[in-house]
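Work through the exercises below with the sequence and model open. Try each task before reading its solution.

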Amino acid sequence: MANDLECRALVKSYGAFTAVSGVSLAVPKGSFFSILGPSGCGKTSLMRMIAGFIEPTAGEILIGGRSMRGVPPNRRPANMVFQHLALFPMMNVADNIGYGLRRRGMAKAEIARRVGAVLERIDLADSGPKRIDQLSGGQKQRVAIARCMVLEPTVLLLDEPLGALDLKLREHMKVELKQLQHQFGTTFVYITHDQSEALVMSDQVAVMNAGRFEQVGTPEDLYYRPATPFVAGFVGDSHRWGARITAQAGSDLRVETSTGLALRASAVVPLAEGAASSVFVRPEAIEVRVADGRPDPAPALADVNVFAGRLESLLFNGANSRAMIRLARGDLIGAVLPQNLLGTRLGEGAAVEIRFAAAATLAFPAGGDALGGDAP
Amino acid sequence: MLPSIPAPRFVTFAYRAYVALFFVYLAVPLVVVAVFAFNDSLYPSLPWKGFTLDWFFGASAPKIGLFHDRAILRGLVNSLLVAFATTAASVLVGTTTAFLFERYDFRFKGLCYMLMLAPLVIPGVILGISILAFSSQIANAADDAFGIELNALRPGLLLVALGQFSFIATIATLVISSRLRKFDRSLEEAALNLGASPFMAIVTVTLPYLAPALIGSALVAFLMSFENFNTTLMLVGSDAPLTITMFDRMKQGSTPVLNAVSVFLMLGSALLGLVSVMAQRGGRGAAE
Amino acid sequence: MNAPLNPAASGASAPREEGAAARRLSFILVFAPFALWIALVILVPQLNLFFLSLREKVGPQVYVLGPRNYTELFGESVYVLTLVRTVVMSLLATFATLIIGFPIAYYIAKIARGRARTLLFMSCLLPFWVSELVRVFGWMLILRETGLLSRLLQGLGLVDGPVELLYNDVAVMVGLIYTSMLFMVVPLVSTLDSLDDALVEAGYDLGGNGLVVLWEIVIPHAKPGIVAGAIIVFMLNLGNYLTPTLLGGKNSQWFTAQIYSQFITRFNWESGSAFGFVLLVTSSLIVWLALRASGQTLSGTIGKG
């Protein structure tokens, strides 16, 4: 498959500061590609280089297979949905959408026809003469996309366009954006700091940190098979320990955490005995059982970590409710509250047991993670 | 003192009375001028001798109305000419200067900004004499050296316009800058992104956004030029703008034709005010 | 002065070399009108004026540099007195404008609401849409011997015959205050407008009375507006020619009238330039002192537009 967008070893530095250092990416035609990262990770600089608003210090950008070196922003086959949409307040909806076509010097009748067609596609057929401030947040969003799509760009760039919307609308727009992308079949490149936006909509996600790509993969890859401690910490929730490897056999590890817990874990990259490590486990991988003295229906296997603790607090949040469990060593661990415990009045301070599989306990070399290192 | 905080009744009353008195003070001179424009007397003073429109339309001496008073009409035309030239130049230079200070970083920017503000701090009379002296010296030098008579640099309408422009451009710059500062640069980027050249982005997006400020500064410039006296007085030649013509008449004592001219000017200003309110209203939709 | 230090610093557009060139060109395009304006009608004429003021005429068409024009000015007590008188009267008029205008601005900004507020503010601006000449003319019609006030006083039996209320210092003050009121009220309204009502309420709530709240909360907050208004009004007063001449008559002795007579009537440019420069320096000095004393900057007060 041909790539609509390709970046090769892209670098952008401002004096001594390097905003983007050596990023390469390839976005196949018709796919939805997201760049996910915390603010200041360089994703905005990357997007602005692709759009042509800033000049790369080194590296190359190809859109539709054509090098963009020396091509000013107004001649690039990439259009952009701005963070705050940047709809022209002095023009009505139809004039906003027709703006790019007018710049191409297209005949008036043809512009009207195309604008009408695209308005129909975004379900705003009668809104052409409306002023921008008469539109709702979601409608503005659609107009901003239509304004680009009417130009039939090779790539559509979206710069955190959902950031300004309230929660409900944002959830709705995620679905709608994905549908629009399907409908137009255009390549979308989406930047965001919101992991759920990236995971829900994308075919491929690049996690960016400190000017570099940490990992590029499908949402499932990132979630279940994080390649770096940063990704493990940034995508989804995790409990994290600083730890030291006490024994190693292949990818099977035994580690001791800085709090003194002995864990079985799986190495993501080869780790030697004695090495400092960051260990992650997801809340939904932790099973909580009431320690009522009755025999365990499923006795712990050798590759499962089991700890006794006390329920410290219950954080009710519907399906995302959490049980916060204090272990004897002092660790406070959040686990997804199992359905069978949700309804019961499990008292705070109740004795519980938690278990999590060694396979779900991922060990990375220490340092360079999203939460900042306090490794031993 | 606030509406939410109770105050003694007489304090509130006295305060209101003061405010009312203030507005009477503001209004009285203008009302007096306006009323005497319609007095059927040769002097703009009491007693009231009945209503007349002669001071507007009268055609025969001694009651020569404003529309038949050649000197006044010529002054009006001169004032309009100067005001149009000054307005055009001020808005043009004000716009480019607003872009200069809002969009570019350059060496000595702070110093340049102070120089841009300087015309507001220099008394109008001094602006007038400095331009008079400078242009006359150039004209003299050209005459001495090459025998060329540069009439344009002698006191006259061009110098008047130049003198007014020297400080009205500052006001235009300030008005336009304050709106340009509020402009969201991503709108221009969006225009570029949609295929506009940098020049077209400014023409199709930035200038329409600035329109209320451009119209507003044009109105203010026009009014300030039309009203200006101090700078104009120093630069005026044989062709006098209206304010100078009126000033000369006023010193001598005049018929109520001056009141009629004043009423005419008030109406003109009111019209400009109306235009500006409408421009602001039109611009509000575009502002948010 | 004309080379952009960092052409890309605020650049929205145009990457790469040709972009930088375009940006440089656009900079020159917007810098040129500014430079021509400031250089040709402000900077060079002012410097030329200064040069003129240092020229002494020693014979027909023969000049030498020297301070004689200034020593003559300061040696003649009439001129010095006129200068001092102009400055003092301008300061007094500025102060009076502040005292009269402040309650009005406060009323508009803090007490009037909705439509009344807009109406009051607009009517405050209205007189200033009319030429200063017309405004002064109005006062002449009121104050002169055959004017309204004289008639009114006679009608009330307070005076026996016509009284001339024009051509005195009070008339000049009335005119100056009237003429520059707008420039005091507008900046005051805009700063008072930004004062949070809750601060005033808190002031009362914590036990302050009206005067304490005014002195400790309202006035400190309004200081930038007060300074801006006072500076503009002072400069307008000092540089005024029309009002003192028409309302003060022959003996108004305003400094601008001296400049006019030196320059236009006597055609003595050298001395007129010196007069002009003394006025400019005096005005700048007083403005600078006011800014200094109040801890404000010129661009922060006037430059805000």
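The exercises cover the core, one interface, one annotated region and the confidence of this predicted model.

**Exercise 1.** Find which residues have the most contacts inside the largest nonpolar core, and which helix gives the largest share of this core.

*Solution.* Start with the extent: the largest nonpolar core has 271 residues. Next, rank by contacts inside it. Val81(A), Leu157(A), Val207(A), Ala363(A), Ala105(C) and Val185(C) have the most. Then sort by element. Helix 7 of chain C, residues 169–193, gives the largest share, 16 residues.

**Exercise 2.** List the contacts of Val207(A), leaving aside neighbours within four places in sequence.

*Solution.* Begin with the lower numbers: Leu36(A) and Gly37(A) are among the contacts. Move up in sequence to add Phe213(A), Glu214(A), Gln215(A) and Leu222(A). Finish with Val231(A), Phe234(A) and Val235(A).

**Exercise 3.** Describe the side of chain C that touches chain B.

*Solution.* Count both sides: 78 residues of chain C contact 79 residues of chain B. Locate the largest share on chain C: helix 1, residues 16–53, supplies 17 residues. Classify the chain C side: 51 residues are nonpolar, 21 polar and 6 charged.

**Exercise 4.** Characterise the annotated region of chain A.

*Solution.* Take the limits from the record: an unreviewed UniProt entry annotates residues 5–235 as "domain: ABC transporter". Over these residues, chain A is 36% helix and 27% strand. The end C-alpha atoms lie 25 Å apart.

**Exercise 5.** Where does pLDDT stay under 50 in chain B?

*Solution.* Take the whole chain: mean pLDDT is 86, and 95% of chain B residues reach 70 or more. Then go local: residues 284–288 of chain B stay under 50. For that stretch, the model has 7 contacts beyond four places in sequence.

How values were computed. Residues are numbered from 1 along each chain as its sequence is written. Chains are lettered from A and ligands numbered from 1 in the order in which they are written. This is a predicted model: local features need pLDDT of at least 70, side-chain atom pairs count only at pLDDT 80 or more; totals for chains, interfaces and linings use all residues. A nonpolar core is a set of buried Ala, Val, Leu, Ile, Met, Phe, Trp, Tyr and Cys residues joined through C-beta atoms within 7 Å. A residue is buried if 20 or more other C-beta atoms lie within 10 Å of its own, exposed if 12 or fewer, and partly exposed in between; C-beta atoms are placed from the backbone. Helices (H or I, at least four residues) and strands (E, at least two) are DSSP runs, numbered from the N terminus. Two residues are in contact if their C-beta atoms, placed from the backbone, lie within 7 Å. pLDDT is the predictor's confidence in each residue, from 0 to 100. Ala, Val, Leu, Ile, Met, Phe, Trp, Tyr, Cys and Pro count as nonpolar, Asp, Glu, Lys and Arg as charged, and the others, Gly among them, as polar. UniProt positions are given in the numbering used here, feature names are shortened, and annotations may be inferred rather than shown by experiment.
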